[in-house]
Amino acid sequence: MSQPPFLSRPSVRLGLVACAAAIATILVLALYASVSKRKTEALQTSFRLVNLDEKTVDPAQWGKNFPRQFDAYQRTNERYTTKFGGAGSEGMAKSRLEADPRLVTLFEGYAFALDFNQRQGHAYMLLDQRTTKRVTQRPQTGACLHCHASNTVAYREEGIKQGAPGSLDEAFDSPHARQQLMAGFESICKMSYQDATKLVQHPVACLDCHDPRNMQLRVTKPGFIRGIAALAQSGEPTPHLPSIEKWRKGGGKEAYDANRDASRQELRSMVCGQCHVEYYCGPKTTLFFPWNKGLKVEQIESYYNDYKFSDGHRFYDWKHAKAGTEILKAQHPEFETWSQGIHARSGVSCADCHMPYVREGAIKISDHQVRSPLMDISRSCQTCHRFPEAEMKARVEIIQDRTHILMSAAEDAIVALIRDLDTARKAGIPEARLQPAMELHRKAQWRLDYVNAENSMGFHAPQETARILAESIDYGRQGQLSVKGLK
Ligand code: HEC
Ligand code: HEC
Ligand code: HEC
Ligand code: HEC
Ligand code: HEC
């Protein structure tokens, strides 16, 4: 009996089917692996067309590898208006002084009475600084550049000129690079603004927030590096920054270093905290962030009150032209205010709301068009909150309207106190007797300005903001009572 041909035998057929199935499975798996690998690659890089290193300042170079992020980054030049945000053309005066003339009275004797505008997108930061009357009509220092330019390379180059060891080729996290950065920062802070600004060309750039080797987030601004280390050194609880508490438990032999110690989620706020913070930046000492006692409004005030300039005088920004008070000027304390809110406590970062994920086909990227979250509520808020868009917007505006009413009451109180102090001074009441009222003025105006300079109109921490304004009104009216008692 002849056997059936080899390939027709049932056992062989079965084997063949199994082989084919196995090969097909392998092929499908291989394809899947390649697709998902490509998906991950797409997440990280598109294609490495350009080699990026610590010298690549120009964002257009980075844009060759990451065109989507670069496109969005460039769109920070688009203007928009929300009820309390942005700097769009309709609806809102660009000048904050024109929008609220009480500010001119509050800032009398200071450069802010000359020119104070709505903030706008990152694309404008260097231009707006170069052209403000606060710079063109008043002498300023190179310290201003800390937050208005990409200066990682400029600082290191200057540091090398000043004698710091090593070269620009060394990694940012090397000890040499750190020495270069800090030496250059100190030196540039002392220059005139006009000399210093020649050393930079770009607004905040990729290099300032990303490690060119692997695109990981990092902080590069010396003020933040020192400020956050000082905060870690304080005993102040930081439930929203768990890595600081962990560092303290570990004994903290080396200074806290965000690039080594912080989590990715923390860095998603810290990169913004490099600039959106209260700071001192004047001719008397190197720029610093006043966080040694904590991030609350009265802790910063207390640090300033204890701080002595080299001439022995206690800290102040300027003497009010009418009231004579040594005033503290507050600047955009977004990081500090966010720190006091429920979102920070819940682990929600600046980037979660201001750089939400956008899906482009199979790819999920972070929106580098940094702007108001109200421009894209579905991506910024509805990932966590299940209420309709209009409701989320209303919730923000309710908080902002309430804050605005309280803030206006505080402004009225302090403008009235300034008028009373001026009248008393003109009536010949000696400075020494006005001192208690002037101290109350200092406290009241510091709190009002802290909220006015903060750019969310209360949203980042509604109750904390209301508390600060209540104290401001109280100190302002107490000041008036104090002046009245003198007559
Ligand atoms: C839970 C979401 C959320 C988080 C977290 C958050 N913000 Fe905001 N932020 C907002 C909202 C809402 C506004 C108000 C926007 C408006 O009025 O158009 C705002 C306003 C701002 C503005 C003014 C925007 C404009 O258009 O004028 C700045 C600047 C800002 N935030 C910076 C920060 C920084 C820095 C952090 C982190 C330290 C942060 N925000 C954290 C939601 C958030
Ligand atoms: C290098 C400093 C720096 C860093 C880092 C930085 N900002 Fe800004 N930001 C600025 C300056 C300066 C402006 C105002 C520019 C102007 O008005 O010319 C600004 C403006 C803004 C605005 C207003 C935008 C508009 O169109 O009105 C928002 C919102 C904002 N920043 C959020 C953030 C967030 C969120 C981060 C972190 C992801 C961040 N910024 C990181 C300096 C910085
Ligand atoms: C610690 C970071 C930091 C430093 C230092 C800094 N700025 Fe800014 N600046 C910002 C941020 C953040 C904004 C956007 C938020 C805002 O406008 O409140 C801004 C906004 C501005 C604007 C646009 C809005 C306005 O106020 O008219 C000008 C102009 C400006 N800064 C000038 C200066 C000058 C001049 C100096 C030096 C005296 C300086 N900045 C130092 C962070 C900084
Ligand atoms: C003010 C800080 C800041 C600047 C400036 C900045 N980025 Fe980012 N970038 C971020 C943050 C925050 C993330 C989110 C990172 C995370 O969650 O790990 C991010 C993520 C990324 C990613 C990872 C994929 C993604 O989209 O989430 C790439 C790639 C990237 N950025 C490219 C760029 C390029 C290119 C530039 C310059 C044109 C740039 N970034 C400028 C803050 C910044
Ligand atoms: C990553 C998640 C996340 C995102 C994004 C987010 N939130 Fe929240 N939000 C929370 C959490 C968590 C709370 C605390 C309450 C809770 O646990 O449910 C909260 C609380 C709030 C509250 C109550 C605030 C208070 O002080 O009691 C408001 C209002 C709010 N969110 C609005 C917004 C808006 C508007 C946006 C977008 C700009 C936004 N949230 C984005 C998670 C988020």
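The protein has 23 helices and six strands in this predicted model. Of its 487 residues, 40% are buried. Contacts between residues at least 6 apart in sequence were also sorted by separation, and 65% of them join residues at least 24 apart.

Two ligand surroundings are described here, those of ligand 3 and ligand 5.

Ligand 3 has 24 residues around it. The nearest of these are Asn 117, Arg 119, Thr 132, Cys 144 and Cys 147. Two helices, α6 (125-131) and α7 (133-136), each supply at least two residues of this shell.

Ligand 5 is surrounded by 16 residues. Ser 346, Pro 373, Cys 381, Cys 384 and Arg 395 are the closest. Helices α18 (342-345), α19 (350-354) and α21 (389-426) each give at least two residues to the shell around ligand 5. The most comes from α21, which contributes three residues. The shell around ligand 5 also draws on two domains: domain 1 (59-354) and domain 2 (387-484) each provide at least three of its residues.

The table lists the make-up of both shells by residue class.

| Shell | Nonpolar | Polar | Charged |
|---|---|---|---|
| Ligand 3 | 11 residues | 10 residues | three residues |
| Ligand 5 | nine residues | five residues | two residues |

Around ligand 3, then, 11 nonpolar residues stand beside 10 polar ones, while the shell around ligand 5 has nine nonpolar and five polar residues. Cysteines appear among the nearest residues of each ligand: Cys 144 and Cys 147 for ligand 3, and Cys 381 and Cys 384 for ligand 5.

Definitions and conventions: Residues are numbered from 1 along each chain as its sequence is written. Chains are lettered from A and ligands numbered from 1 in the order in which they are written. This is a predicted model: local features need pLDDT of at least 70, side-chain atom pairs count only at pLDDT 80 or more; totals for chains, interfaces and linings use all residues. A residue is near a molecule or strand if its C-beta atom, placed from the backbone, lies within 6 Å of it. Helices (H or I, at least four residues) and strands (E, at least two) are DSSP runs, numbered from the N terminus. Ala, Val, Leu, Ile, Met, Phe, Trp, Tyr, Cys and Pro count as nonpolar, Asp, Glu, Lys and Arg as charged, and the others, Gly among them, as polar. Domain bounds come from an automatic or database domain assignment. A residue is buried if 20 or more other C-beta atoms lie within 10 Å of its own, exposed if 12 or fewer, and partly exposed in between; C-beta atoms are placed from the backbone. Two residues are in contact if their C-beta atoms, placed from the backbone, lie within 7 Å.
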